[in-house]
Amino acid sequence: MTQVKATVVGSVELQKNLKNISTKGKELIAHAVFKSVADVEKEAKTSIQRGAASGVVYRRYNPRRDHKASSPGQPPASDTGFLVNNIKRKIDSDKMGGEIASRAFYSKFLEFGTSKMLPRPFMFPALEKHRAKIIKRISQAIKVAGQKSQSKGNK
């Protein structure tokens with residue numbers, strides 16, 4: 001199994017502040033985490049479904065078809081849909097983190113390569129593509145949640 005896990009973590013002060021955030025504020029953060037995890041899951045799946053930009057074409061059987069494999073460094077090219085159908089997201093019980101996992105047994109070979117095959121990564125590039133947006137989204141949610149909690153405490 002290949003997985004990418006992201007969790008809202010930080011200094012002791014941040015963890016303490018999360019405990020003081022209102023339910024509404026926690027919902028804002030949870031939504032930002034959910035949206036971020038969903039973005040990475042969608043990107044990983046889409047990168048596979050786009051098809052190979054280049055690579056070797058070979059005949060597959062059962063059912064008979066031609067398949068264009070991806071070149072090293074490109075996301076794997078979809079063939080049967082099994083890989084895409086086994087990429088799933090899971091949100092932590094506290095909703096402050098989540099993971100995207102590819103449960104296809106061969107996904108780790110594609111992501112990291114083998115002694116006989118160069119990598120065809122799809123999980124890590126999906127995370128990297130959205131990293132800045134995720135950080136911005138979650139940071140903004142934490143900031144807004146903290147402001148709402150402070151304004152509520154001042155009343």
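Helices here are DSSP runs of H or I with at least four residues, numbered from the N terminus. Keep that in mind as you click around this predicted model.

**Stop one: S36.** Select S36 and you land in helix 2, which covers residues 23-49. Is S36 buried or exposed? S36 has a relative accessible area of 4%, so it counts as buried, the cut-off being under 20%. Now show what surrounds S36: setting aside neighbours within four places in sequence, you'll find contacts with I134, R137 and I138.

**Stop two: H130.** Next, pick H130, which sits in helix 5, residues 123-153. H130 is buried too, because its relative accessible area is 9% and anything under 20% is called buried. Try a distance label from H130 to D39: the two are 91 residues apart along the chain, yet their C-alpha atoms are separated by 7.3 Å. D39 is also one of the contacts of H130, along with V40 and E43, once neighbours within four places in sequence are left out.

**Stop three: R89.** Now jump to R89 in strand 4, residues 87-91. R89 is partly exposed, with 37% relative accessibility. Which residues does R89 touch, not counting those up to four places away in sequence? Light up F34, V37, A38, E41, E99 and I100. Take A38 from that group: A38 and R89 are 51 residues apart in sequence, and 7.1 Å apart from C-alpha to C-alpha. Then show the side chains of R89 and E41, where you'll see a polar contact at 2.5 Å.

Notes:
Residues numbered from 1 in each chain as written. Predicted model: local features only at pLDDT ≥ 70, side-chain atom pairs only at ≥ 80, totals over all residues. Heavy atoms only, no water. Helix = DSSP H or I, 4+ residues; strand = E, 2+ residues; numbered from the N terminus. Buried < 20%, exposed > 50% of the residue type's maximum accessible area, 1.4 Å probe, protein only. Contact = heavy atoms within 4.5 Å. Polar contact = N/O pair within 3.5 Å; in protein donor to acceptor, adjacent residues only side chain to side chain.
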